[in-house]
Amino acid sequence: CGIFGAVGVTDAANFVALGLHALQHRGQEAGGIVTYDPVEGFNSARRFGYVRDNFTSQTLMKTLPGALGIGHVRYSTAGSKGAAIRDVQPFFGEFSMGGAAIAHNGNITNADALRRELVERGSIFQSSSDSECIIHLMARSLQRNIPERMEDALRRVEGAFSVVAMTRTKLIGVRDPLGVRPLVLGKIGEGWCLASETCALDIIGAEYVREIEPGEMVVITAEDGVQSHRPFRPQPSKFCIFEHVYFSRPDSIIGGQSVYETRRQIGVELARENPVEADLVCPVPDSGTPAAIGFAHESGIPFGMGIIRNQYMGRTFIEPTEHIRNMGVRLKLNVNRALIKGKRVILVDDSVVRGTTSRKIKEMILDAGAAEVHFRIASPPTAWPCFYGVDTPQREKLLAATMSEEEMCQHLGVDSLKFISLDGLYRAVGEAEGRDKSCPQYCDACFSGEYPVEPADMIKKGFQM
Ligand code: 5GP
Ligand code: SF4
Ligand code: MG
């Protein structure tokens with residue numbers, strides 16, 4: 001998901017809508033905005049579909065007045081399939097000291113247990129979302145102000161959470177102690193904003209100030225600026241390495257590094273580790289493009305757009321049902337026959353999850369008359385599900401969970417299939433020594449099976465680590 005908030009700006013809703021539009025790649029199912037105005041109070045709008053199709057209507061935007069607002073773009077992760085409008089964030093709660101709204105990116109790994117406990121004690125849930133737990137935990141806290149109630153609530157929550165919240169006067173941002181999901185701070189005129197990624201600051205002309213640190217809570221008002229709190233016990237950070245590979249936008253900056261440059265470097269490492277003789281390096285657009293550029297550069301094999309993407313389709317993977325996802329590949333990608341014919345082609349993609357995309361693409365490329373097809377993948381085999389906010393399927397459906405590299409190669413029917421090594425990936429993200437096995441610098445559970453937070457609910461449901 002993508003989250004954004006702004007305080008101390010005229011018509012905050014417009015900034016929030018633009019910020020969410022820049023974060024649309026993080027979630028395309030639905031979006032929502034909450035604003036506060038001293039005269040009009042809290043207002044909210046939650047809609048299915050793209051930001052640009054909803055939050056551009058003047059009629060709607062006029063219902064969201066105020067200098068303070070937050071928003072969310074949604075992408076449903078495991079357990080909450082088939083979105084209902086009541087699952088669309090931000091969530092709102094009315095407390096004795098006033099209202100508060102929250103927007104959450106990530107996944108709470110003990111949400112089932114928390115929900116059971118809260119329901120037994122009388123909480124009435126409005127949605128099926130794990131994020132709603134935070135509001136109910138806040139309602140039960142005995143603290144006298146909302147930021148402290150939020151601290152109380154979030155200390156009970158396990159898993160990954162980047163949160164943007166608001167009260168009548170304050171914009172609040174929090175990252176979980178491991179800092180799994182991103183969150184950055186920006187300055188815009190006299191005001192401030194919080195966003196999942198820096199590309200959302202660029203779109204509104206905000207200046208990048210810094211990242212919210214793992215385990216940090218910032219409380220921001222227009223008058224007093226940014227106050228930093230540390231509600232959690234410090235822990236070694238475990239930022240999601242897959243943000244670098246796929247999830248974030250290439251024009252964003254993470255930890256001072258350009259995501260585009262990191263992906264290009266992944267391609268360089270991939271070419272060093274897994275060279276192959278061929279005539280053409282083709283990206284699977286758009287997610288494979290920077291890595292393919294790096295691969296072509298390092299290998300000296302010409303780069304070409306052998307697959308053309310229809311710009312009017314969204315990300316296939318993010319479509320919630322398998323049926324639409326299967327259709328998606330053809331609706332979205334087509335082969336550039338004139339370029340491919342007779343050539344030995346290296347296809348570079350970011351990841352193989354179920355293998356549906358790769359299989360379809362291989363067929364399309366061979367139909368177009370390619371002499372050979374070699375897959376080079378910019379991440380290690382995805383053998384484990386993510387429980388921290390990226391939608392990977394159950395373990396059985398992950399190709400790499402049940403097959404060796406050789407078997408995957410045969411299953412896909414390609415001439416060769418190679419993945420970047422975990423160490424190679426770490427080198428590409430800037431860890432010269434590779435992965436620190438005793439304390440990995442990132443979360444890489446979907447590749448390594450080493451989960452930095454025990455997925456408590458899933459273990460109860462029978463998941464074996
Ligand atoms: P597959 O067809 O193998 O299931 O999916 C692989 C494709 O989906 C890749 O081209 C990649 O761009 C995209 N993808 C891979 N992993 C993820 C993920 O965890 N989340 C999303 N949204 N897309 C993914
Ligand atoms: Fe990211 Fe993978 Fe960890 Fe999920 S399991 S947070 S996708 S690195
Ligand atoms: Mg892709």
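Is Asp-349 buried or exposed? Asp-349 is buried, because 24 other C-beta atoms lie within 10 Å, and 20 or more make a residue buried. The model shown in these views is predicted.

**View 1. The positions that UniProt marks as "binding site".** The unreviewed UniProt entry places this feature at Ser-287, Asp-349 and Asp-350. These residues are spread over 64 residues of sequence. In space they cluster, and the largest C-alpha distance is 6.7 Å.

**View 2. Asp-349 and its contacts.** Asp-349 belongs to strand 20, which covers residues 344–349. Neighbours within four places in sequence are left aside here. Beyond them, Asp-349 is in contact with Val-284, Ser-287, Gly-288 and Ser-358. Phe-375, Ile-377 and Ala-378 are also in contact with Asp-349.

**View 3. Asp-350 and its contacts.** Asp-350 is found in the loop between strand 20 and helix 13 (356–367). Asp-350 counts as buried, because it has 24 C-beta neighbours inside 10 Å. Residues up to four places away in sequence are not counted among its contacts. Asp-350 touches Val-245, Tyr-246, Ser-287 and Gly-288. Ala-291, Ala-378 and Ser-379 are touched by Asp-350 too.

**View 4. The shell around ligand 2.** Cysteines around ligand 2 include Cys-240, Cys-386, Cys-443 and Cys-446. Val-180, Ile-241, Phe-242, Tyr-388, Val-390, Asp-444 and Ala-445 are also around ligand 2. Helix 8 (241–247) and helix 17 (445–448) are the elements that give two or more residues to this shell. Ten residues of the shell are nonpolar, none is polar and one is charged.

Note on methods:
Residues numbered from 1 in each chain as written. Chains lettered and ligands numbered in written order. Predicted model: local features only at pLDDT ≥ 70, side-chain atom pairs only at ≥ 80, totals over all residues. Near = placed C-beta within 6 Å. Helix = DSSP H or I, 4+ residues; strand = E, 2+ residues; numbered from the N terminus. Nonpolar A, V, L, I, M, F, W, Y, C, P; charged D, E, K, R; others polar. UniProt positions renumbered as here; feature names shortened; annotations may be inferred. Buried ≥ 20, exposed ≤ 12 C-beta atoms within 10 Å, placed from the backbone. Contact = placed C-beta atoms within 7 Å.
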